[in-house]
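Please read the following walk through the fold with the coordinates open. The text moves from the interior to the surface and then to single positions.

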Amino acid sequence: MLTYILKLIKVLNSEDDPAQIAWAVCFAALFGFTPTFSLHNLLVVFLVLIFRINITAFILFSALFAGASYLLVPIFLLLGKSVLEMQSLGGIWTALYNTSIGRLSHFNNTLVMGGIVSALLIWVPLYFATRSGIVNFRVKALPWIEKAHVVRVLKASRVYRLYADLG
């Protein structure tokens, strides 16, 4: 657990652009809110590897969103069911299901559809909130943390050596 916290701190302190980390969090929400073995998750991983997205942040936040998804399953099921039962989208769902990729994607599963829709609904606010949070952390909180007595004591300990060895 301590290793994951140290990796998160290292990501926040890295010289990566805050946008890269924010994109990683958004893609992690899409990945974590749905069952792992889904066709669209292969696309998400492919996009994360193609674009300049912080992979460490993606992995850490995927685990976080996957854990949160267990608490949100009832909401995902209701949302997925309501989207799949919309009369206006019935033709699209039928046409998609009649394709091989459509059947492999399991879009007709209420949990998958609810997770995808939920992730897409929070995508833009999550991006801007994460990006803003990282910028504020680096500007305001990081200098204060570095000056704290506790941090100076920790830097002299084994925990800091573990943190330094992560890089």
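A nonpolar core is a set of buried Ala, Val, Leu, Ile, Met, Phe, Trp, Tyr and Cys residues joined through side-chain atoms within 4.5 Å. The model examined here is predicted. Its largest nonpolar core has 27 residues, and within that core Phe 27, Val 44, Phe 58 and Phe 65 have the most contacts. Which helices each supply at least two residues of this core? They are helix 1 (2–13), helix 2, helix 3, helix 4 (55–84) and helix 7. Helix 2 gives the largest share, with eleven residues.

Aromatic side chains come next. A pair of aromatic rings is described by the distance of the centres and the angle of the planes. The structure holds ten such pairs. In one of them, Trp 23 and Tyr 127, the ring centres are 4.7 Å apart and the planes meet at 40°, so the pair is tilted. The tilted class applies because the angle is neither under 30 degrees, as for stacked rings, nor over 60, as for edge-to-face ones. Trp 23 belongs to helix 2 (residues 18–32) and Tyr 127 to helix 7 (residues 110–147), so this pair ties together parts that are 104 residues apart in sequence. The two partners can also be described by their accessibility. Trp 23 has a relative accessible area of 35% and is partly exposed, whereas Tyr 127, at 13%, counts as buried. The cut-off for buried is under 20%. Ring pairs also link Trp 23 and Tyr 127 with Phe 27, Trp 123 and Phe 128 into a cluster. Phe 27 thus appears both in this cluster and among the residues with the most contacts inside the largest core.

On the surface, Leu 39, Leu 42, Ile 101 and Leu 104 form a nonpolar patch, with about 410 Å² of accessible area together. Helix 3 (39–50) and helix 6 (100–105) are the elements that give two or more residues to the patch. Leu 39, which is found in helix 3, has 32% relative accessibility and counts as partly exposed. Patch membership requires over 30% relative accessible area. Helix 3 therefore contributes to the nonpolar patch as well as to the largest core.

The remaining positions lie in helix 5, helix 6 and the adjoining loops. Helix 5 covers residues 90–97 and includes Gly 90, which is partly exposed at 26% relative accessible area. Between Gly 90 and Val 112, 22 residues apart in sequence, the C-alpha atoms are 17 Å apart. Trp 93 also lies in helix 5; with a relative accessible area of 16%, Trp 93 is buried. From Trp 93 to Arg 152, 59 residues along the chain, the C-alpha separation is 58 Å. Arg 103 lies over the face of Tyr 97, at 5.9 Å from the ring centre.

Asn 98 is placed in the loop between helix 5 and helix 6. Is Asn 98 buried or exposed? At 56% relative accessibility, Asn 98 counts as exposed. Its C-alpha atom is separated by 18 Å from that of Thr 110, twelve residues apart along the chain. The loop between helix 6 and helix 7 holds His 106. Phi of His 106 is near 55°, a positive value in a residue other than glycine. His 106 is partly exposed, with a relative accessible area of 41%.

Key: Residues numbered from 1 in each chain as written. Predicted model: local features only at pLDDT ≥ 70, side-chain atom pairs only at ≥ 80, totals over all residues. Heavy atoms only, no water. Patch = residues over 30% accessible without salt bridge, like charges linked within 9 Å, V, L, I, M, F, W, Y side chains within 5 Å. Areas by Shrake-Rupley, 256 points an atom, 1.4 Å probe, with all protein chains shown as cover. Salt bridge = Lys/Arg side-chain N within 4 Å of Asp/Glu carboxyl O. Helix = DSSP H or I, 4+ residues; strand = E, 2+ residues; numbered from the N terminus. Buried < 20%, exposed > 50% of the residue type's maximum accessible area, 1.4 Å probe, protein only. Phe/Tyr/Trp six-rings, centres within 6.5 Å; stacked < 30°, edge-to-face > 60°. Lys NZ or Arg CZ within 6 Å of the ring centre and 35° of its normal.
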